[in-house]
Amino acid sequence: MSQVTIANVRKTYGSATIIPDVSLDISDGEFVILVGPSGCGKSTLLRMIAGLEAISGGDIAIGGRVVNNLQPKERDIAMVFQNYALYPHMTVADNMGFSLRLSKVPKAQIAEDVAKAAKILGLTALLDRYPGQLSGGQRQRVAMGRAIVRNPQVFLFDEPLSNLDAKLRVQMRAEIKELHQKLKTTTIYVTHDQIEAMTMADKIVVMRSGVIEQIGAPLELYDHPRNLFVASFIGSPSMNLIHGRVEGGHFVSDGGHRLPLPRATAGLEGRPLVYGVRPEHLALADDGFEVEIAVVEPTGSESHVLARLGDNDLTCVFRERITLRSGDRVRVRPEPDNIHIFDAQSGDRVIQV
């Protein structure tokens, strides 16, 4: 079994605390993504799992074995970095088999393992080439192949797609997910890109300032964010957030605009709150509230519309093709079952109606 258990792990640099106290259980074969803004501690946590950073407290166990004092090579993990870190003077085959050669694995076995990994990654025809003769996506596959041949308990990925162009990132996302489905190896993946997290993960861990804000399946976090941070971070375009309070069965924004609430919100009257609705949950409707169109961005399959409700910017995503222009005034209505209410002071979700 290759489960990973992180128990009360801390990381400090002198008087600066980077990770105050993190606990996390990762099941055998699970694909877990650590996501959050720059500086949230996700890469530091990954490097502590890998043994590249010493922990300041707590325990890390891989496959039931505490690895706090083990060197990286003793942890039975393989890591794929943002930069490919390939040896330019070695062929693809030699790069992929290098770690096995250091471990004194017989040449015949190295050749067999490299061939298997190359077949999985579509690199068979490239084994005799050098890194300088490869595209960025091919180099990243070689880096992944180097990890695969080690047959580790755990794969660690540190923002592996950041150096690729947009089209190649989409392709590599699918390839990494497909690779995981084939190998079923426990995988921990770090990214700041929440689209990567949503499309690839079995489970997402959202971090901020060294603290885990929420853990869950991608759609669980999308549909039921625990607080304002998760609500605004997960989803692209991000959730619309409007400050105000409940008065007389309606939500009244700070600008005086009345927004619908589909059911009673007892105990919330007069309390500072934040009204949240995702862009795709706003629909054109004659009985909605009026907004002014600022920008229309047709994407082909849908239209992204930036509208204004007083001082609030609202993003709407319409599936149908529309003929709106800047300055037009239209009415939109939120879907009743997809409204979120958060406490303005704590940021915690009060209710999802």
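R329 is partly exposed, with 48% of its relative accessible area open. In this predicted model, that residue offers a convenient point of entry. R329 forms a salt bridge with E292, and the closest N and O atoms of the pair are 3.2 Å apart. The bridge links distant parts of the chain, since R329 belongs to strand β18 and E292 to strand β15, 37 residues apart. E292, like its partner, is partly exposed; its relative accessible area is 35%.

A second salt bridge connects these two strands. R333 pairs with D287, and here the closest N and O atoms are 2.8 Å apart. R333 lies in strand β18, which covers residues 329-334, and D287 lies in strand β15, which covers residues 282-298, so this pair ties together parts that are 46 residues apart in sequence. With a relative accessibility of 37%, R333 counts as partly exposed. D287 has a relative accessible area of 54% and is therefore exposed, the cut-off for that class being over 50%.

From these strands the view may widen to the whole protein. The secondary structure comes to 8 helices and 20 strands. Along its principal axes the C-alpha trace spans about 75 × 45 × 35 Å. Of the 353 residues in the protein, 49% are buried. Among contacts with a separation of 6 or more, 65% are between residues 24 or more positions apart.

The protein is divided into two domains: domain 1 takes in residues 4-225, and domain 2 takes in residues 237-343. Their centres, taken over C-alpha atoms, are separated by 39 Å. Where the domains meet, 4 residues of domain 1 are in contact with 5 residues of domain 2. The size of an interface is often given as the accessible area lost when the parts come together. For domain 1 and domain 2 that area is about 360 Å², and carbon and sulfur atoms give 49% of it. On the domain 1 side, Y222, D223 and P225 supply 99% of the area buried against domain 2, more than any other three residues. The interface holds 0 salt bridges, but 2 residue pairs are in polar contact across it.

The UniProt record, an unreviewed entry, places the feature "domain: ABC transporter" at residues 4-234. In the model, the end C-alpha atoms of residues 4-234 lie 25 Å apart. This span is 37% helix and 26% strand.

Helix α1 covers residues 42-50, and 7 of its 9 residues are buried, so the helix is largely enclosed by the rest of the structure. The buried residues are K42, T44, L45, L46, M48, I49 and A50. Just after α1 comes G51, which takes a positive phi of about 90°.

The discussion now returns to charged pairs. Side chains of opposite charge can pair when their charged atoms come close. A search of the whole structure finds 12 salt bridges. One of these joins the side chains of K11 and E53, at 3.6 Å from N to O. K11 lies in strand β1 (residues 4-13), while E53 lies in the loop between α1 and β4 (57-62), so the pair ties together parts that are 42 residues apart in sequence. Both K11 and E53 are buried. The two residues also belong to a network, in which salt bridges that share partners join K11, R47 and E53.

A final residue to consider is T187, which is found in strand β8 (residues 186-191). T187 has a relative accessible area of 2% and is therefore buried, as the cut-off for that class is under 20%. The side chain of T187 reaches the backbone oxygen of T185 at 2.9 Å. When residues up to four places away in sequence are not counted, T187 touches E30, F31, V32, F155, F157 and H180.

How values were computed: Residues are numbered from 1 along each chain as its sequence is written. This is a predicted model: local features need pLDDT of at least 70, side-chain atom pairs count only at pLDDT 80 or more; totals for chains, interfaces and linings use all residues. Side-chain values use heavy atoms; hydrogens and water are left out. Helices (H or I, at least four residues) and strands (E, at least two) are DSSP runs, numbered from the N terminus. Buried means under 20% relative accessible area, exposed over 50%, partly exposed in between (1.4 Å probe, protein chains only). A polar contact is a pair of N or O atoms within 3.5 Å; within protein, one must be able to donate a hydrogen and the other to accept it, and residues adjacent in sequence count only if both atoms are side-chain atoms. Contact means heavy atoms within 4.5 Å. UniProt positions are given in the numbering used here, feature names are shortened, and annotations may be inferred rather than shown by experiment. Domain bounds come from an automatic or database domain assignment. Buried area is the accessible area (1.4 Å probe) that two parts lose on being put together, summed over both. A salt bridge is a side-chain nitrogen of Lys or Arg within 4 Å of a carboxyl oxygen of Asp or Glu.
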